[in-house]
Amino acid sequence: MSTYRPFKHLERRVARALGGRRHGHLGGADVTGDWFSAECKYRKSVPAWLTNAVDQARRNAGSTQLPVVIVATHGQRLQDALVVVRFSDFVDHYGDGVDALDDATDEERRILAPDMEG
């Protein structure tokens with residue numbers, strides 16, 4: 001019996017939602033498509049200041065604007081700053097319209113979207 005690996009399921013869902021391909025352990029990016037190359041990181045938590053910043057960006061964005069957070073460190077060049085976007089907002093703007101959890105198992109939903117009811 002195989003062990004459930006949340007990061008593998010995250011990669012599969014990202015690939016499906018963006019119309020890309022998961023590469024798994026083959027090296028290179030976790031998921032790629034014609035227009036993107038993605039690294040998928042699954043963690044137990046994300047820093048509260050970051051999720052708060054994303055929530056603030058979403059509150060302040062207009063209905064046709066993509067809410068983003070730009071994160072830079074002291075002395076960092078702007079071109080090296082990070083852009084953080086909530087996945088659902090990213091898919092709404094750039095994805096193929098597929099809900100990444102449409103065919104998720106109950107276990108996948110529990111891990112990838114614990115705030116959603118069964």
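Buried means under 20% relative accessible area, and exposed means over 50%. Keep those cut-offs handy for the exercises below, which all work on a predicted model.

**Exercise 1. Decide whether Asp 89 is buried or exposed, then find what surrounds it.**

Step 1: place the residue. Asp 89 sits in helix H3, which covers residues 87-94.

Step 2: apply the cut-off. The relative accessibility of Asp 89 is 9%, so it goes down as buried.

Step 3: look for company from elsewhere in the chain. Setting aside neighbours within four places in sequence, Asp 89 touches Arg 58, Leu 66 and Pro 67. Take Pro 67: it is 22 residues away along the chain, yet the two C-alpha atoms are 7.4 Å apart.

**Exercise 2. Do the same for His 23: buried or exposed?**

Step 1: His 23 belongs to the loop between strand E1 (21-22) and strand E2 (31-32).

Step 2: its relative accessible area is 17%, so His 23 is buried.

Step 3: check the side chain. His 23 and Arg 21 are joined there by a polar contact of 3.3 Å.

Step 4: skip the neighbours within four places in sequence, and the contacts of His 23 are Ala 29, Asp 30, Val 31 and Thr 32.

**Exercise 3. Work out what length helix H1 should span, and compare that with the model.**

Step 1: H1 runs over residues 6-18, which makes 13 residues.

Step 2: the expected span is 1.5 Å times one less than the number of residues. For H1 that gives 18 Å.

Step 3: the end C-alpha atoms of H1 are 18 Å apart, so the model agrees with the expectation.

Step 4: see which residues of H1 are covered. The buried ones are Pro 6, His 9, Leu 10, Glu 11, Arg 13, Val 14, Ala 15, Ala 17 and Leu 18. Just past the helix, Gly 19 adopts a positive phi of about 70 degrees.

**Exercise 4. Find which residues make up the nonpolar surface patch, and locate Leu 78.**

Step 1: the patch consists of Val 68, Ile 70, Leu 78 and Val 83, with about 390 Å² of accessible area together.

Step 2: Leu 78 is in the loop between strand E4 (69-71) and strand E5 (82-84).

Step 3: with 67% relative accessibility, Leu 78 counts as exposed.

**Exercise 5. Sum up the whole chain: how many helices and strands, and in what pattern?**

Step 1: there are 4 helices and 5 strands.

Step 2: along the sequence they read α-β-β-β-α-β-β-α-α.

Step 3: 28% of the 118 residues count as buried.

Step 4: the accessible surface is about 8,700 Å², with 50% of it belonging to carbon and sulfur atoms.

Key:
Residues are numbered from 1 along each chain as its sequence is written. This is a predicted model: local features need pLDDT of at least 70, side-chain atom pairs count only at pLDDT 80 or more; totals for chains, interfaces and linings use all residues. Side-chain values use heavy atoms; hydrogens and water are left out. Patches are made of residues with over 30% relative accessible area and no salt bridge: like charges are joined within 9 Å, nonpolar side chains (Val, Leu, Ile, Met, Phe, Trp, Tyr) within 5 Å. Accessible areas come from the Shrake-Rupley method with a 1.4 Å probe; for residues, only the protein chains shown count as cover. A salt bridge is a side-chain nitrogen of Lys or Arg within 4 Å of a carboxyl oxygen of Asp or Glu. Helices (H or I, at least four residues) and strands (E, at least two) are DSSP runs, numbered from the N terminus. Buried means under 20% relative accessible area, exposed over 50%, partly exposed in between (1.4 Å probe, protein chains only). A polar contact is a pair of N or O atoms within 3.5 Å; within protein, one must be able to donate a hydrogen and the other to accept it, and residues adjacent in sequence count only if both atoms are side-chain atoms. Contact means heavy atoms within 4.5 Å.
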